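User: Please take a close look at the site where the ligand is held, and then follow the elements of the chain outward from there. A connected account would be preferred to a list.

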Amino acid sequence: MPKSNLKIFHRGRFGGGMYLCGEGIDEILIELYPILLAEGAENVGSRGGMREKLGVSFRMTNPRARISRSQDRGKPFSALGELLWYLGGFNTLEFIKEYIPDYAKDAEDGILAGAYGPRIHAMHGSINQLENVTRLLKEKSTSKRAVIQLYDAADIAVHHEEIPCTTALQFVARDGRLHMSTTMRSNDAYKGLPHDVFCFTMLQEMMATRLDLDPGDYIHYAASMHVYDGSIEAMNHYVNEGHQKTVQMPPMPSGDAFSVTDRLLQAEGEIRAERKIRAADFAREPYWADIIRLLQVFWATKRRDAPGFEDLDELKAEFHDEVYRTYLERRLKTRALRNAQSNGAA
Ligand SMILES: O=c1ccn([C@H]2C[C@H](O)[C@@H](COP(=O)(O)O)O2)c(=O)[nH]1
């Protein structure tokens, strides 16, 4: 079976464009990365040297196939942190730096100017785009107006360290399925893209549950798709690793998934504060209980002696869905290695 159903390339100046179609994130990355490496036009951007293709788009036919199985790319933890950051409407470095330390480089007085959360929930201070999109699709299911705008004209009126890379997210309901289309002005294929796909397809599926639809295709377009020189070695490693096959997350339970947001954020806060929140609090919601377990694993393995999380083996056995156990094992291995190294250094 071909890895990707369809590939169309345009070769030319600036690295040409391309359109890819595949089931999940790995099926896309495994096609995209070698071409970006081999054919991407070398360019020096404001953030350093990179290889770039202009006008890259892809379609993922299974938006639940959003976690890479690769050793390198398969880390759902930080992507989950970023999703919660969006859902909570936050723009503070304080929250996100624990999951994605790189954000520190772009913060201005502890705030990320381009953070998506406040724009999704309160664009221009008060426009709740999530609610507007919901209302629109409930009133007229075939609407072509269900757009969440992230980029704003004001973003380039003055200089900011960071502005949204995603210009818009659009939901399109057709024949009982909710498709999503993302347009990006700029996309880091190695560090940004897997996170973006994870977060946006989660939003797609959450919106689908809210509207009682099945998730449809996930469609993505980036005007500038690039890889920075600093990620080229890691990207090559991913390409040569050779056993990528996307992990499919289980379906979200029916009912409005956005209704669990507050409880997820509360649980995250308690895990972060090292209080012993147990996924058992979500006993009747195995899907969300597993999400909480992933957060527990992340925080437990982040620091050496995180209290309250000693028994990760027990946690492993508790995972409702098999797909997540691998990630716990990998985290434990990484932590064991890190501890061994720091013991050696001490
Ligand atoms: O959701 C995001 C946010 C940022 N970026 C990357 C794209 C660029 O490499 C960089 C932002 O740099 P500028 O395009 O603003 O220069 O961050 C992403 O890939 N996805």
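Analyst: In this predicted model, an oxygen atom of the ligand lies 2.7 Å from a polar side-chain atom of Arg47. The side chain of Asp196 also takes part, with an N or O atom 2.7 Å from an oxygen atom of the ligand. Asp188 contributes through its backbone instead: a polar backbone atom of Asp188 is 2.7 Å from a ligand oxygen atom. On its own the ligand has 460 Å² of accessible area, and the protein covers 79% of that area.

The shell around the ligand comprises 13 residues, of which Arg47, Cys165, Asp196, His226 and Tyr228 come nearest. By class, the shell is made up of 4 nonpolar, 5 polar and 4 charged residues. Two strands, β7 (177-188) and β8 (214-228), each supply at least two of the shell residues. The largest share comes from β7, with 5 residues.

Strand β8 leads on to helix α7, which spans residues 232-241. The buried residues of α7 pack against β8, and also against α1 (25-39) and β4 (48-60). Those buried residues are Ile232, Met235, Tyr238 and Glu241. After α7 comes Gly242, which has a positive phi, near 80 degrees.

Helix α1, one of the elements that α7 packs against, is mostly covered, since 12 of its 15 residues are buried. The buried set includes the run Ile25, Asp26, Glu27, Ile28, Leu29, Ile30, Glu31, Leu32 and Tyr33, together with Ile35, Leu36 and Leu37. From its first C-alpha to its last, α1 reaches 21 Å, close to the 21 Å expected at 1.5 Å a residue.

Strand β4, another of the elements that α7 packs against, contains Gly49. Gly49 counts as buried because its relative accessibility is 19%, which is under the 20% limit for that class. Beyond its neighbours within four places in sequence, Gly49 is in contact with Asn43, Val44, Val227, Tyr228 and Asp229. One of these contacts, Tyr228, is also among the residues that come nearest to the ligand. The C-alpha atom of Gly49 is separated by 38 Å from that of Gly269, and the two residues are 220 places apart along the chain.

Gly269 brings the account to helix α8, residues 261-272. The 12 residues of α8 reach 16 Å from first C-alpha to last, close to the 16 Å expected at 1.5 Å a residue. Within α8, the buried residues are Thr261, Leu264, Leu265, Ala267, Glu268, Glu270 and Ile271. Their cover includes four helices: α2 (76-87), α3 (93-96), α6 (193-211) and α9 (286-302). Following α8 is Glu274, whose phi is positive, near 70 degrees.

A final residue to consider is Arg335, in helix α11 (residues 325-345). Arg335 has a relative accessible area of 19% and is therefore buried, the cut-off being under 20%. The C-alpha atom of Arg335 is 32 Å from that of Cys165, a residue 170 places away along the chain. Cys165 itself belongs to the group that comes nearest to the ligand, which returns the account to the site where it began.

Terms used. Residues are numbered from 1 along each chain as its sequence is written. Side-chain values use heavy atoms; hydrogens and water are left out. A residue is near a molecule or strand if one of its heavy atoms lies within 4 Å of it. A polar contact is a pair of N or O atoms within 3.5 Å; within protein, one must be able to donate a hydrogen and the other to accept it, and residues adjacent in sequence count only if both atoms are side-chain atoms. Accessible areas come from the Shrake-Rupley method with a 1.4 Å probe; for residues, only the protein chains shown count as cover. Ala, Val, Leu, Ile, Met, Phe, Trp, Tyr, Cys and Pro count as nonpolar, Asp, Glu, Lys and Arg as charged, and the others, Gly among them, as polar. The expected span of a helix is 1.5 Å times one less than its number of residues. Buried means under 20% relative accessible area, exposed over 50%, partly exposed in between (1.4 Å probe, protein chains only). Contact means heavy atoms within 4.5 Å.
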